[in-house]
Amino acid sequence: MTETRYLLEMNQITKEFPGVKALDGVTLKVRPGTVHALMGENGAGKSTLMKCLFGIYKPDGGDIILEGRQVSINHSKDALSMGVSMIHQELHPVPFRNVMENIWLGRFPVKGFGPFKIVDHKKMYEDTVKLFQDLDMDIDPYTIVRELSVSKIQSLEIAKAVSFRSKVIVMDEPTSSLTGNEVEQLFKIIHQLRSRGVSIIYISHKMEEILRISDDVTIMRDGRLIGTWEAKELTTDLIIQRMVGRDLSQRFPERHNTPGDVLMKVDGLTSPHPKSFRDVSFELRKGEVLGVGGLVGAQRTELIEALFGLRTVASGEIHIHGKKVKIKTPIDAKKHKIALLTEERRVTGIFPVLNIKENTIIANLDRYLNPLKLINDHKARIDTDQNIGKLRVKTPNYKTLIKNLSGGNQQKVLLARWLLTEPEILMLDEPTRGIDVGAKFEIYSIIADLAKQGKSIIMISSEMPELLGMSDRIMVMSDGRLSGIIDGAKATEEEIMRLAAKHLG
Ligand SMILES: Nc1ncnc2c1ncn2[C@@H]1O[C@H](COP(=O)(O)OP(=O)(O)OP(=O)(O)O)[C@@H](O)[C@H]1O
Ligand SMILES: [Mg+2]
């Protein structure tokens with residue numbers, strides 16, 4: 001066999017779905033022992049290309065060459081046996097099994113002979129401990145997966161992919177739910193793998209990550225290849241420009257309005273769970289964007305879920321428009337014109353088998369009922385189309401099932417859903433997670449517009465630039481407590497980090 005420069009070549013791959021040419025002759029060549037970033041806007045075709053490699057989709061055309069040999073991959077089992085593994089954008093562990101069973105599912109170690117073979121739990125445990133030790137991860141192999149945080153599940157999926165000892169590992173947005181330390185941990189693992197000759201195909205919308213860890217960068221747009229470059233030739237601006245096909249000089253919209261009177265006042269809000277949020281007091285003004293910073297685990301999500309009636313509180317008061325209110329259920333919250341875009345949208349938010357229109361209007365059906373209590377489909381379509389346009393949802397039309405949209409585009413539909421409820425208080429939990437740079441700007445513009453119209457926004461974000469770029473004030477939480485509220489215009493990353501760590505160990 002002649003020596004090949006590339007470990008993996010995907011040549012001229014095409015893939016069509018009804019009404020969508022997802023891949024139009026895309027070529028990807030990956031050198032051995034490198035981190036190869038795959039970039040492009042939401043819906044560009046990144047996940048589809050990787051699913052063709054992993055045997056989930058069968059390409060309509062093109063070929064795949066692995067270590068110089070043309071291969072045909074018809075099933076993810078084929079991919080794994082040929083040394084290709086993948087961490088999916090949508091995580092789907094088996095919730096009722098424990099950590100080690102999830103890792104070794106379908107390939108449990110066995111002991112005994114012939115008909116007397118039984119699962120060797122001891123070996124499975126030891127293998128798992130060894131795997132976690134190698135990766136410096138701290139997860140108990142016996143924990144039932146349902147009880148793990150999203151970030152631990154993501155770590156688990158990473159460990160699983162590594163356990164196959166693959167030559168190519170695809171990571172589709174592996175850090176979307178990881179904490180800062182866990183991201184560093186992952187980068188260490190990636191470096192280790194790379195030095196062993198493993199190639200990593202890395203998909204992420206986080207620019208800083210890409211430039212830090214990748215050797216090569218391939219950029220796609222609208223199902224087509226734009227090109228492949230060495231990372232050292234690139235800058236964030238160049239990547240953005242090639243991804244979106246236009247200059248994006250501004251990452252945040254200008255904000256001019258000054259917040260008005262106090263709309264909501266929260267006093268001493270405390271969860272019944274001792275480790276959750278406690279004694280949290282703050283005010284939210286009309287037309288204000290209140291950023292909420294903190295590390296994963298700071299109880300930010302829990303706090304706003306309590307404000308939305310999804311969690312009980314042990315003590316504390318909430319005033320809206322100067323009146324004391326009780327919010328025990330989301331129905332109460334809706335009555336007080338509060339809306340919430342949850343963090344785990346893909347799990348809790350979408351109705352996969354309904355189409356985009358239905359997913360858009362579902363929180364507001366009453367707005368679309370005509371006097372005969374039938375849905376005014378015309379109005380629903382107009383509103384949906386408007387949102388598809390405004391948020392640049394990539395889809396043939398409103399009839400597409402939401403499960404067939406790319407990850408980022410699903411999130412845009414859900415944001416549209418809550419915007420349509422015309423809330424006075426809009427609470428957003430990581431609103432741009434998984435969203436590409438171009439669409440981020442659209443979402444920021446919408447948030448800025450809403451604030452200008454006098455709506456109040458509470459925005460949890462783990463992205464510093466976003467907190468600093470959008471917030472009038474930033475309240476920072478640390479280990480369930482409020483560690484400070486700072487002026488958005490004067491805040492610095494260091495100050496936020498310092499407050500975020502204030503009540504830790
Ligand atoms: N099973 C499917 N049926 C129909 N259309 C699909 C299917 N899977 C993907 N598509 C479409 O193919 C296009 C590419 O989607 P893909 O998921 O590959 O995008 P992506 O680059 O991974 O985006 P993101 O950054 O949002 O994850 C999109 O227009 C999407 O709606
Ligand atoms: Mg994707």
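This briefing walks through the domains, sheets, pocket and cavities of the structure above. Please keep in mind that the model is a predicted one. The protein is divided into domain 1 (8–244) and domain 2 (260–337 + 453–505), and their centres, taken over C-alpha atoms, are 35 Å apart. The second largest pocket lies between these two domains, because both give residues to its lining.

**The six-strand sheet**

- Six strands make an open sheet in the order β6-β9-β10-β3-β11-β12, and their pairing is mixed.
- At the edges are β6 (84–87) and β12 (224–230), each of which pairs on one side only.
- From one strand to the next, the twist averages 15°.
- One pair to look at is β6 with β9 (residues 168–172), which run parallel and share four bridges. Within this part of the sheet, Val84 stands opposite Val168 of β9.
- Helix α1 (residues 46–53) lies across five strands that you can pick out by name: β3 (35–39), β6, β9, β10 (199–203) and β11 (216–221). The direction of α1 is at about 150° to β10.
- Helix α8 (residues 236–244) also packs on the sheet, where it touches β3, β11 and β12. The angle between the directions of α8 and β11 is about 30°.

**The four-strand sheet**

- A further open sheet has four strands in the order β14-β13-β16-β17, with antiparallel pairing.
- β14 (280–285) and β17 (323–325) each have a single partner strand, so one side of each has no neighbour in the sheet.
- The average twist here is 20° from one strand to the next.
- In the middle of the order, β13 (residues 262–270) and β16 (residues 315–320) are antiparallel partners joined by five bridges. A good place to look is Val266, whose bridge partner in β16 is Ile318.
- Helix α9 (residues 300–307) lies across β13, β14 and β16, and runs at about 115° to β13.

**The second largest pocket**

- This pocket holds about 1100 Å³ of space.
- Its lining counts 46 residues, and those closest to the centre are Leu178, Gly180, Ser462, Glu463 and Met464.
- Which helix gives the most to the lining of the second largest pocket? That is α6, with five residues.
- At least two lining residues come from each of α6 (180–195), α7 (207–213), β15 (289–294), α15 (437–452), α16 (464–470) and α17 (493–500).
- By class, the pocket lining has 19 nonpolar, 14 polar and 13 charged residues.
- Why does the second largest pocket lie between the domains? Domain 1 (8–244) and domain 2 (260–337 + 453–505) both contribute residues to its lining, and therefore the pocket sits between them.

**The cavities**

- How many cavities of 30 Å³ or more does the structure hold? There are two of them.
- The largest cavity encloses about 80 Å³ of space. It is lined by 13 residues, of which Glu173, Ser204, His205, Lys206 and Gly434 are the closest to its centre.
- The lining of the largest cavity is made up of two nonpolar, six polar and five charged residues.
- The second largest cavity has about 30 Å³. You will find Ile356, Thr360, Thr384, Asn387, Ile388, Val393, Val413 and Ala416 around it.
- Three helices, α12 (356–361), α13 (377–390) and α14 (407–420), each give at least two residues to the lining of the second largest cavity. The largest share, three residues, belongs to α13.
- Which classes make up the lining of the second largest cavity? Five residues are nonpolar, three are polar and no residue is charged.

Technical notes: Residues numbered from 1 in each chain as written. Chains lettered and ligands numbered in written order. Predicted model: local features only at pLDDT ≥ 70, side-chain atom pairs only at ≥ 80, totals over all residues. Heavy atoms only, no water. 1 Å grid on protein atoms, 1.4 Å probe; cavity = no way out; pocket = protein on both sides within 12 Å on 5 of 7 lines; lining within 4 Å. Points joined across faces, edges and corners; volume = space filled by probe spheres on them. Nonpolar A, V, L, I, M, F, W, Y, C, P; charged D, E, K, R; others polar. Domains from an automatic or database assignment. Pairing = 2+ DSSP bridges. Axes fitted to C-alpha atoms, helices over the stretch in contact; angles between N-to-C directions. Contact = heavy atoms within 4.5 Å.
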